[in-house]
Amino acid sequence: MQYLSNKHVLLGVTGSIAAYKAADLVRRLREAGAEVRVVMTEGAKAFVTPLTFQALSGTPVHDSLLDTEAEAAMGHIELARWADVILVAPASANSLATLAQGRADELLGALCLAADVPLAIAPAMNRQMWADAATQENVRVLAQRGVLFIGPDSGEQACGDVGEGRMSDSETILQRLGELFSTGSLAGQTVVITAGPTREALDPVRYLSNRSSGKMGYAIAAAAVEAGARVILISGPVSLATPQRVSRVDVESAAEMEEAVKAHIENAAIFIATAAVADYRPVLQQQQKIKKHEARLTIELEKTTDILAMVKAQYASTFCVGFAAETHELEQYALGKLEKKRLDMVVANRVGPAAEKTAGTFNSDSNELHVYWKEGGLKLELASKNKLARQLIALVAQRFSLFDATAAKDNNVIAMNKIK
Ligand SMILES: Cc1cc2nc3c(=O)[nH]c(=O)nc-3n(C[C@H](O)[C@H](O)[C@H](O)COP(=O)(O)O)c2cc1C
């Protein structure tokens, strides 16, 4: 089975007799972990009802471009931004012509123009239609633009002919889609990632925590797996499903997270610390529930271990990526963290009221990131956390390929000696 954890697949269904096969495809995509939204052409609706796809995908079908209500619900640009990939299956001969010409008179064509994501097409048509010079010319034009063609297969056709033009089976389509996301840039590497908040107990029922949702860390874990890494995800309490092929270790407090990191970091080439670990914990953890007798209550706090700084100090040959969630002075704090903890990369994002207008917040599905390393930096523009995670992993893989682990270790020994 191919893994498409959290991938946003925009499935375009067009007017082919194979449209009924797209129903199975939706089910299989969801089983593989993808979120699916279906766009139907007018032609497609003559073959299968939108209700079928609504029931199978769990979301309303999109079928209209010039409809004020549909635009108000999830406009075509928003839908284009939502997608990680557009898959047209089945793709009719007419839809190939539409896409080759760049027409936007139906929603699907407009989305393909508006989206800056890979386009995969699984054609389905009579063998003569497929072999026709006009269709072949359209295929050539689209392939030249980088469109991924999946099939068609040969065999018996709905019209009784035998030949090339059958839509590829769901298994093959899933396989090829999965390959689109598999970069292999971290093949053979072990990556340890922390994610989510920690909870610092005050008494048996109360704790101090923060608003981290863990979404960014989980998206990075999925992206690292796609890049071929073995991923260990050390997670605070979150309500997120574990991405496929990720080994997850659940922890609650900062101390537990520290222990779990120590237990797994030895063989890691890369450590990515996205978790919002509590900086302070109560000095005393009451064994019984604190009663509300007093008008004021003072709780004494003590510092927790800085896990990221600890890892870099003890395992200098591990490529360490830190996260800085700041309400203000983003660049200054991020660069300070990079230098002070001797990190290899820092990823900064804005949180709090200032962030809500422009970028994502802790619980949002989108974000905007500023990435810094010793020799430079770049901004990853506002996008879904899944998309950002893939961009970030590509950047980590690139910087990691230039990383000299032995020199990092030696430099660290020199630095530690200077401190002594
Ligand atoms: C019964 C029937 C089956 C059809 N099957 C196909 C097909 O498998 N592939 C195809 O390219 N066109 C097929 N067509 C023609 C398309 O439905 C027609 O070109 C339509 O305009 C496509 O619309 P769309 O590309 O906007 O979805 C079929 C038509 C009929 C009446």
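**Exercise 1. The two domains**

Find how far apart the C-alpha centres of domain 1 and domain 2 lie, and describe what each side brings to the contact of the domains.

*Solution.* In this predicted model, the C-alpha centres of domain 1 and domain 2 are 39 Å apart. The bounds come from a domain assignment, which places domain 1 at 8–181 and domain 2 at 190–419. Turning to the contact itself, 4 residues of domain 1 meet 4 residues of domain 2. On the side of domain 1 that touches domain 2, the residues fall into 1 nonpolar, 2 polar and 1 charged.

**Exercise 2. The shell around the ligand**

State which residues come nearest to the ligand, which helices supply at least two residues of the shell, and how the shell divides by class.

*Solution.* Begin with the individual residues: there are 15 around the ligand, and G15, S16, G43, S92 and N94 are the ones that come nearest. Next, look at the helices, where α2 (42–45) and α6 (93–101) each supply at least two residues of the shell. Of the contributors, α6 gives the most, with 3 residues. Finally, sort the shell by class, which yields 7 nonpolar and 8 polar residues, with no charged residue.

**Exercise 3. α6 against α9**

Work out how α6 and α9 are oriented to each other, and which residues bring the two helices together.

*Solution.* The axes of α6 and helix α9 (residues 133–144) come within 9 Å and cross at roughly 45°. Angles from 65 to 115 degrees would count as roughly perpendicular and those under 35 as roughly parallel, and α6 and α9 are therefore oblique to each other. As for handedness, α6 passes α9 in a left-handed crossing. From α6, the residues A93, L96, A97, L99 and A100 meet T135, N138, V139, V141 and L142 of α9. By class, this contact of α6 with α9 comprises 8 nonpolar and 2 polar residues, and no charged ones.

**Exercise 4. Two further helix pairs**

For α1 with α10, and then for α11 with α16, determine the packing angle, the distance between the axes, and the residues that make the contact.

*Solution.* Take the α1 and α10 pair to begin with. Helix α1 (residues 21–31) packs on helix α10 (residues 170–181) at an angle of about 45°, and their axes are 10 Å apart. The two helices, α1 and α10, are therefore oblique to each other, and their crossing is right-handed. On α1 the contact is made by D24, L25, R28 and L29, and on α10 by S170, I173 and L174. Sorted by class, the contact of α1 with α10 holds 4 nonpolar, 1 polar and 2 charged residues.

Then turn to the α11 and α16 pair. Helix α11 (residues 215–226) and helix α16 (residues 385–401) pack at about 55°, with 8 Å between their axes, and that makes α11 oblique to α16. The crossing of α11 and α16 is right-handed. The α11 side of the contact consists of K215, M216, A219, I220, A222, A223 and A224, while the α16 side consists of K385, N386, A389, R390, L392 and I393. The residues of this contact of α11 with α16 divide into 9 nonpolar, 1 polar and 3 charged.

**Exercise 5. Backbone details**

Locate the cis peptide bond that ends at P90 and the one that ends at P152, and then place E329, a residue other than glycine whose phi is positive.

*Solution.* The peptide bond joining A89 and P90 is cis, with omega at about 0°, and P90 has its place in strand β3 (residues 85–91). The bond from G151 to P152 is also cis, its omega being near 10°, and P152 lies in the loop between β5 (148–149) and β6 (153–156). For E329, phi is near 45°, and the residue sits in the loop between β16 (319–326) and α14 (330–340).

Conventions
Residues numbered from 1 in each chain as written. Predicted model: local features only at pLDDT ≥ 70, side-chain atom pairs only at ≥ 80, totals over all residues. Axes fitted to C-alpha atoms, helices over the stretch in contact; angles between N-to-C directions. Helix = DSSP H or I, 4+ residues; strand = E, 2+ residues; numbered from the N terminus. Parallel < 35°, antiparallel > 145°, perpendicular 65-115°, else oblique. Left-handed = near helix turned anticlockwise from the far one by under 90°. Contact = placed C-beta atoms within 7 Å. Nonpolar A, V, L, I, M, F, W, Y, C, P; charged D, E, K, R; others polar. Near = placed C-beta within 6 Å. Domains from an automatic or database assignment.
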